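Reader: I am new to protein structures, and I would like to learn where the labels come from. Could we look at one together?

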Amino acid sequence: MSDEFYYDNPDSTVILKTEKGYPKLGATVDPGGVNFALFTKNGKKVILELYQNFYDDTPSHIFELDPIKNKTGNIWHIYVYGIKHGQFYGWRVDGRYDPMNGYRFNKYKLLSDPYAKAISGSYNWDEDSVYGYDKNSPMLDLSFSTIDSAKSPTKSIVIDDSVYDWEDDFHPRIPLKDLIIYEMNVRLFTMNPNSNVKNNGTFNGILEKLDHLKELGVNAVELMPIFEFNPNSIIRNNPLTNERLKDVWGYNPLAFFAVTGNYSTGLKIGEQVFQFKDFVKKMHKEGFEVILDVVYNHTGEGNELGPTLSFRGIDNPVYYILNKNKRYYENYSGTGNTFNCNNTVVKNLIIDSLRYWVTEMHVDGFRFDLASILGRDPNGNWIGDLSLLKDIADDPIIAGSKLIAEGWDAAGGYFLGEFPEGWAEWNGKFRDAVRKFVRGDEGLVGEIACRISGSEDLYGNKSPVASVNFITSHDGFTMCDVVSYNNKHNEENGENNNDGANDNYSFNYGFEGETDDPNIINIRKRQVKNFFTILMLSQGTPMIYMGDEFCRTQYGNNNAYCQDTPKNWVDWMRKEKFHDIFLYVKKLIDFRKKHHTLRREHFFTGKDYSGDGIPDITWHGINLNQPDFSYSSKSLAFMISGLDFVNSDVPPDNDIYVAINFYDSELKFELPKLLNKNWFRVIDTFFDSPNDFLDFPQKTQDYYIVKSKSIIVLISK
């Protein structure tokens with residue numbers, strides 16, 4: 001953004017006029033100045049500090065708010081004349097310091113505004129200026145120290161969104177049935193020098209790689225967390241290299257309105273807001289939606305030993321769920337604390353945050369990390385339709401945005417299919433069933449039929465599109481690693497390989513890890529194609545993880561949250577090495593787009609609506625109408641009618657026949673009889689490129705021999 005939007009903040013010699021202000025949370029800019037407001041119910045004294053520069057230790061102005069004049073209910077507020085967009089500020093809240101009863105007020109801590117739209121500088125968590133505790137103390141309570149945390153350069157920044165010109169930008173509003181989601185981490189996607197971008201690891205870096213995304217055919221990017229976070233929060237070294245580990249995933253937010261400066265260029269003193277807006281505007285112009293992976297279930301302040309940076313020092317028992325011993329936090333998230341999501345104040349904060357990202361940042365949707373926590377009451381009980389989840393779905397401003405839930409949490413909650421109307425969900429059952437089936441496990445054919453047809457057992461009261469189908473995501477193995485490793489290899493995370501999931505449903509086909517054996521490489525590539533084929537032929541909303549389209553590897557690390565290294569950066573050389581896989585996935589995505597019968601918004605019924613003897617879906621085995629659903633079965637075939645009798649507005653499509661064989665030997669499948677039409681082979685995953693996916697489909701006989709561990713796809717013409 002141009003420097004014209006910034007100005008020299010007033011120094012201490014400038015007298016600033018103030019008024020009582022009004023109770024609108026955050027920093028609100030108007031032509032005369034800025035209104036500041038902060039919630040605290042239990043705080044006794046509230047102080048606003050202004051800073052001339054983000055690196056200053058000493059404030060230029062200090063305003064102690066009058067609890068009578070500058071307070072409405074539990075919101076403290078003050079209006080300061082003459083300051084503008086770009087002003088640095090912070091809050092101090094004094095009150096009862098009694099951790100044993102949940103109170104952690106500390107006037108020595110400069111606190112970030114929960115409604116701040118930008119944060120300056122960085123957090124130095126390994127320095128006493130932030131930690132401020134006696135390392136030899138048996139209490140190790142980091143929430144109180146007499147060391148002024150303003151000696152950290154971190155400040156909140158006043159942002160005036162009205163100075164940005166969105167031009168004619170609008171939300172693409174791509175229907176879920178047509179969406180193909182590409183999950184990515186902003187930094188990891190282009191950080192590798194072989195990405196050949198100028199702005200590595202940034203939003204601009206993604207824009208420089210748009211040709212790749214457009215060629216692949218995806219139409220939505222799901223960005224792993226971009227809220228302000230501290231990449232230096234892990235005080236642990238890689239035991240193999242002794243290098244400091246980094247929080248590269250960002251699942252520890254510190255401000256729910258502030259886009260992180262970690263993914264922008266420049267000084268990161270407010271420009272990150274406008275660089276992100278530029279990014280969204282460009283993505284929309286190129287036909288992409290932008291979905292944010294948001295974390296509202298916990299914060300980066302951690303457990304009782306974590307630093308006091310914002311919420312904890314503003315009103316700890318309001319913002320967090322405390323256990324019966326008030327010093328400690330409930331830990332449904334597995335990260336040390338749980339946000340009190342169904343407290344009215346916290347609910348309003350989260351909804352206000354979502355509204356901001358929709359209205360001022362123009363994002364198109366959200367994927368909610370550990371979303372089941374948002375459906376729990378303060379006692380941990382699942383309340384679903386009575387929770388914040390329902391409020392979000394019904395909100396008139398958020399309406400129309402994609403809402404995608406991760407339907408489980410670290411406390412054992414698993415609520416797939418139980419989210420309110422308006423929510424889609426990551427379908428973990430789809431992931432697990434498909435991985436096991438492709439591997440060759442038994443007892444899965446019935447479930448696979450259910451998953452391929454949209455998981456009606458979970459979403460029967462909604463639509464197949466509520467099922468976000470995926471094989472891999474950031475959390476776990478990459479697709480290449482699913483077929484290359486029997487076990488996780490997280491030693492470099494410094495947790496003795498105890499972190500990450502143990503049940504990966506993977507198989508290495510004879511060698512653990514990367515290999516030059518052509519036979520092993522061949523079967524692995526075939527299985528990758530099989531994964532993608534099932535994913536793209538299934539009813540629902542497909543999601544793929546960055547780099548899987550050209551066999552990205554994390555070298556067996558299935559929890560690479562702390563690996564900001566070349567081994568974890570997307571290796572763009574693999575696009576050339578596995579160009580056959582990229583080409584296959586590209587064609588497969590295009591095939592899905594061309595056949596609306598693969599993108600239905602209603603479930604199959606198995607009924608013959610036209611009287612031609614062809615139901616909307618029929619299930620087969622090697623013989624017609626004889627599917628083998630026995631426990632030992634490893635094969636399945638089905639035919640989807642090209643006629644959609646529920647949605648009469650769409651023209652007739654090709655009939656599609658799919659046969660799947662995960663036995664160790666080939667099978668001969670009898671093909672359905674067609675009236676005045678023939679079957680043409682499009683896909684056979686057994687063959688190498690380009691014969692695995694034919695640009696000009698070949699006519700078949702009345703049967704097809706499907707090789708071991710292969711899938712074939714035919715269309716009628």
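Author: Here are some questions and answers about the labels used for this predicted model.

Reader: Why is Cys551 called buried?

Author: Buried means under 20% relative accessible area. Cys551 has a relative accessible area of 3%, so Cys551 is buried. The label fits Cys562 too, because its relative accessibility is 2%.

Reader: How do you know that Cys551 is in no disulfide?

Author: The search of the whole structure finds 0 disulfides. For Cys551, the nearest cysteine sulfur belongs to Cys480 and is 4.9 Å away. A disulfide needs the two sulfur atoms within 2.5 Å, so this pair does not count as one.

Reader: What makes the pair of Tyr164 and Phe274 stacked?

Author: The structure holds 48 aromatic pairs, this one among them. The ring centres of Tyr164 and Phe274 are 6.0 Å apart, and the cut-off for a pair is within 6.5 Å. Their planes are at 20 degrees, and under 30 counts as stacked, so the label follows. Tyr164 lies in the loop between strand S12 and S13, while Phe274 is in helix H4, so the pair ties together parts 110 residues apart in sequence.

Reader: And why is the pair of Phe203 and Tyr263 called edge-to-face?

Author: There the angle between the planes is 85 degrees, and over 60 counts as edge-to-face, so that name applies. Phe203 and Tyr263 are both buried.

Reader: What makes Arg367 lie over the face of Trp426?

Author: One part of the test is distance: Arg367 is 3.9 Å from the ring centre, and the limit is within 6 Å. Lys529 lies over the face of Tyr584 as well, at 5.7 Å from the ring centre.

Key
Residues are numbered from 1 along each chain as its sequence is written. This is a predicted model: local features need pLDDT of at least 70, side-chain atom pairs count only at pLDDT 80 or more; totals for chains, interfaces and linings use all residues. Side-chain values use heavy atoms; hydrogens and water are left out. Buried means under 20% relative accessible area, exposed over 50%, partly exposed in between (1.4 Å probe, protein chains only). Helices (H or I, at least four residues) and strands (E, at least two) are DSSP runs, numbered from the N terminus. A charge sits over a ring if NZ of Lys or CZ of Arg is within 6 Å of the ring centre and within 35 degrees of the ring normal.
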